[in-house]
Amino acid sequence: MSNKETSNYKVISKNRKAHHDYAIEETFEAGIVLTGTEVKSLREHNAQITDAFAIIRDGEAFLLNVYIAPYSHGNIANVESDRRRKLLLHKREIRYLIGKTQDKGYTLVPLLLYFDNHSRVKLKLGLGKGKKLWDKRQDMAKRDSDRDIRRQLKVRNQ
């Protein structure tokens, strides 16, 4: 999803470290099973997905280590802030992900948590491999050289 595609959506939380730590090969959109107070808390942007990851157990996908703060005006309906949450994916996607995650080094990383056009909470999930230190250095060097090229072109065009 580019910035143009996400402009229609209300972004709740981004995982900025995901593209730095993982080489994302594919992305999937998944719904999340939430309670009412969790959704209200998400409307206040009280979520963090930086350390989160997804697993597949018994043919179902689950999201772990996502922190959704208790709703500020909630009562006994508030649930545990870092509980395991079920992801809603098509069966063929789950079967595909089972095959991929059993391969060496693949993991499911949450990239973006947002409200879609129908006010449903969605998660952009990336299938990626962990980067080694030298991969990260190569990416940083490429980013720096691209920045220098853009800067030179900007000066040249003035």
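**Entry 1: the cavity.** I began with the largest cavity of this predicted model, and I noted that about 40 Å³ of space lies in it. Rolling a probe the size of a water molecule over the atoms shows where empty space is left. I then looked up how many cavities of 30 Å³ or more are counted, and the count comes to one.

For the lining of the largest cavity I wrote down Thr37, Glu38, Ile68, Ala69, Pro70 and Tyr71, together with Asn78, Val79, Glu80, Ser81 and Arg85. Sorting this lining by class, I found five nonpolar, three polar and three charged residues.

**Entry 2: glutamate 38.** Among the lining residues I picked out Glu38, and I located glutamate 38 in helix 3. Is glutamate 38 buried or exposed? I recorded a relative accessible area of 4% for glutamate 38, which means that this residue is buried, the cut-off being under 20%. Leaving aside the neighbours within four places in sequence, I listed the contacts of glutamate 38 as Ile68, Val79, Glu80, Arg83 and Arg85. Of these contacts, I had already met Ile68, Val79, Glu80 and Arg85 in the lining of the largest cavity.

**Entry 3: helix 3.** I next took helix 3 as a whole, residues 36-43, and found its buried residues to be Thr37, Glu38, Ser41 and Leu42. Seen down the axis of helix 3, these buried residues fall within an arc of 145°, so I could note that they line one face of the helix. I looked up what the buried residues of helix 3 pack against, and the list runs to strand 1 (10-14), strand 3 (47-48), strand 6 (67-68), strand 7 (85-88), strand 8 (106-115) and strand 9 (121-130). After helix 3 I came to histidine 45, whose phi is positive, near 60°.

**Entry 4: strand 5 and its partners.** I turned to strand 5, residues 60-64, where four of the five residues are buried, so I noted the strand as largely enclosed by the rest of the structure. With strand 4 (residues 53-57), strand 5 pairs in the antiparallel sense over five bridges, and I found phenylalanine 53 to have leucine 64 of strand 5 as its bridge partner. Two residues lie between the strands in this hairpin of strand 4 and strand 5, and there I noted that aspartate 58 takes a positive phi near 55°.

Strand 5 also pairs with strand 7, in the antiparallel sense and over three bridges. Here I saw that leucine 63 stands opposite arginine 85 in strand 7, and I had listed Arg85 earlier among the residues that line the largest cavity and as a contact of glutamate 38.

Methods:
Residues numbered from 1 in each chain as written. Predicted model: local features only at pLDDT ≥ 70, side-chain atom pairs only at ≥ 80, totals over all residues. Heavy atoms only, no water. 1 Å grid on protein atoms, 1.4 Å probe; cavity = no way out; pocket = protein on both sides within 12 Å on 5 of 7 lines; lining within 4 Å. Points joined across faces, edges and corners; volume = space filled by probe spheres on them. Nonpolar A, V, L, I, M, F, W, Y, C, P; charged D, E, K, R; others polar. Buried < 20%, exposed > 50% of the residue type's maximum accessible area, 1.4 Å probe, protein only. Arc of directions from axis to C-beta. Contact = heavy atoms within 4.5 Å. Pairing = 2+ DSSP bridges.
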